[in-house]
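This briefing introduces a protein model to a reader who has not seen it before. It covers the ligand site, then a pocket.

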Amino acid sequence: MAKTYDVIIIGSGPGGYVCAIKAAQLGLKVAVVEKRPTFGGTCLNVGCIPSKALLSVSEKFHEAKEAFATFGISCGKPKIDVAAMQAFKRSVVEANVKGIAFLFRKNGIDSYQGVGRILEPGRVLVSPENDAQITLEGEAIVIATGSTVAPLPGIDIDEEAILSSTGALDLDRVPKSLAVIGAGVIGLELGSVWRRLGAEVTVIEYLDRILPGMDGEVGKVLQRELKKQGFAFRLGRKVTAAKVMKSGVSLTMVPSAGEGAEETLKAEKVLVAIGRRPFTEGLGLEDIGLETDAQGRIPVDENFETAISGIYAIGDVIAGPMLAHKAEEEGVAVAEILAGLPGEVNHDVIPAVVYTAPEVAAVGQSEEALKEAGVTYKKGNFSFMANGRARAMGQAAGFVKILADAETDRVLGAHIVGPMAGELIHEIAVLMEFGGSAEDLARTCHAHPTLSEAVREAAMAAAYGAPIHS
Ligand code: NAI
């Protein structure tokens with residue numbers, strides 16, 4: 001006898017598990033199918049959460065090594081115990097994945113371990129690794145199977161010498177040198193972890209700038225700060241071959257523009273971080289006639305419903321930024337739609353954070369995007385050098401930039417490089433959700449001394465052309 005549900009969700013990453021909890025809260029009977037032994041998907045198991053644990057530890061180590069003396073603290077030369085650091089990381093991951101299991105129990109959600117395959121609308125076959133297959137029946141099916149590492153043609157990721165993000169999170173000692181292919185979010189975050197712990201890090205990027213998806217001014221400032229930390233950059237280069245040798249890897253690269261000499265770079269380890277692609281293997285999409293686009297994404301309508309009625313898709317398998325919180329928003333929206341409520345996502349206000357030091361955060365439009373769209377805008381910049389709290393923390397590198405419509409003063413985007421940027425960005429996200437202006441923010445009293453004052457000052461710069469403190 002097949003088990004019957006209102007909704008069957010395939011995948012328990014941030015999209016799937018949030019969708020499941022919200023649907024259960026709205027009174028639906030929910031099943032989740034997950035192929036991993038633990039819940040939480042890439043984000044909790046081998047992505048956001050473990051990387052933040054390593055970033056936090058390595059930042060403390062770096063601070064102890066480089067900044068404590070300036071603060072008058074002497075405690076000798078710090079040493080890193082990589083095994084203990086990895087044990088801490090595992091404990092953080094374990095607590096998080098167990099948290100999801102607890103929330104599933106609390107909300108009466110049934111979970112099935114195994115690969116889910118859609119047999120037809122309303123029916124999912126679950127194939128556990130060591131158990132009998134079972135069939136689930138449900139009014140609706142939500143595909144939330146996420147994404148996987150994009151391969152680099154001709155370069156085999158063996159997770160020994162040539163790593164994906166998964167392997168780079170799991171090293172048992174600090175490599176002498178690490179070559180990172182791709183100056184995107186993963187490359188800069190994981191490059192930072194191992195650089196701070198002592199590896200020589202060289203980042204090779206196809207384009208002529210780092211973080212190509214983000215505002216250009218932000219990329220420049222971050223690159224300058226990372227260089228100060230000892231990062232080397234080879235921009236405008238593409239890797240054409242990787243040869244694994246006894247003592248590491250030899251990479252061959254050429255200028256991406258085509259003209260110029262071939263170069264080689266030797267490194268003990270290589271991290272391939274050139275993006276991710278939607279993961280839909282095993283779902284049986286071909287058999288039910290559900291087509292993907294050229295990038296492997298599943299097309300959906302404004303209600304996240306695919307071309308087949310009753311089958312929905314959210315998160316990294318559909319268009320848009322591959323971000324956990326974007327998937328969560330879509331999960332909530334689909335749960336609401338299935339419960340008969342209006343559910344929608346404002347894709348114009350999805351913050352993005354890069355957890356380097358200094359941190360980078362953005363919401364809304366970049367200057368480049370506004371220029372391209374022909375929007376006339378005002379710009380207000382404020383440097384953390386002029387912020388008392390940032391100086392007192394010894395972290396005054398970076399700035400806040402607010403972009404507002406030239407005519408209406410409505411805030412269209414904000415970009416921050418600096419301490420706690422990933423936290424500061426949210427007051428601007430809320431402002432944008434309410435259609436607020438730069439002057440609204442400039443007139444809001446902010447506590448002193450806080451980093452948030454820099455955000456307010458940037459709003460003053462945008463609204464009046466003059467902040468108070470610069
Ligand atoms: P990415 O798309 O952020 O960056 C990839 C970089 O590789 C780009 O700069 C691209 O120009 C470059 N590239 C592409 N092909 C290349 C080649 N052949 N040679 C040299 N460079 C090449 O992708 P990344 O860093 O792998 O991250 C994957 C996804 O995971 C992204 O969508 C990202 O948003 C997400 N993510 C988000 C995090 C966060 O929100 N903090 C953390 C980690 C990942």
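**Ligand site and second largest pocket**

Around the ligand there are 21 residues, and those that come nearest are Ile-186, Glu-189, Glu-205, Gly-275 and Val-353. The model is a predicted one.

Polar contacts of the ligand
- The side chain of Glu-189 places a polar atom 3.0 Å from a nitrogen atom of the ligand.
- Gly-275 takes part through its backbone, where a polar atom is 2.9 Å from an oxygen atom of the ligand.
- Val-353 has a backbone N or O atom that lies 2.8 Å from a nitrogen atom of the ligand.

Cover and shell of the ligand
- The ligand taken alone exposes 850 Å², and the protein buries 78% of that.
- Two or more residues of the shell come from each of two elements, helix H7 (185–196) and strand S10 (200–205).
- Helix H7 gives the most to this shell, with three residues.
- Sorted by class, the shell around the ligand holds 15 nonpolar, three polar and three charged residues.

Second largest pocket
- The volume of the second largest pocket is about 970 Å³.
- Its lining is made up of 29 residues, with Glu-59, Ala-357, Pro-358, Gly-394 and Gln-395 nearest the centre of the pocket.
- At least two lining residues are supplied by each of helix H3 (48–66), helix H4 (68–71) and helix H8 (216–228).
- Helix H3 provides the largest share of the lining, eight residues.
- By class, the lining of this pocket has 11 nonpolar, eight polar and 10 charged residues.

Technical notes
Residues numbered from 1 in each chain as written. Predicted model: local features only at pLDDT ≥ 70, side-chain atom pairs only at ≥ 80, totals over all residues. Heavy atoms only, no water. Near = heavy atom within 4 Å. Polar contact = N/O pair within 3.5 Å; in protein donor to acceptor, adjacent residues only side chain to side chain. Areas by Shrake-Rupley, 256 points an atom, 1.4 Å probe, with all protein chains shown as cover. Helix = DSSP H or I, 4+ residues; strand = E, 2+ residues; numbered from the N terminus. Nonpolar A, V, L, I, M, F, W, Y, C, P; charged D, E, K, R; others polar. 1 Å grid on protein atoms, 1.4 Å probe; cavity = no way out; pocket = protein on both sides within 12 Å on 5 of 7 lines; lining within 4 Å. Points joined across faces, edges and corners; volume = space filled by probe spheres on them.
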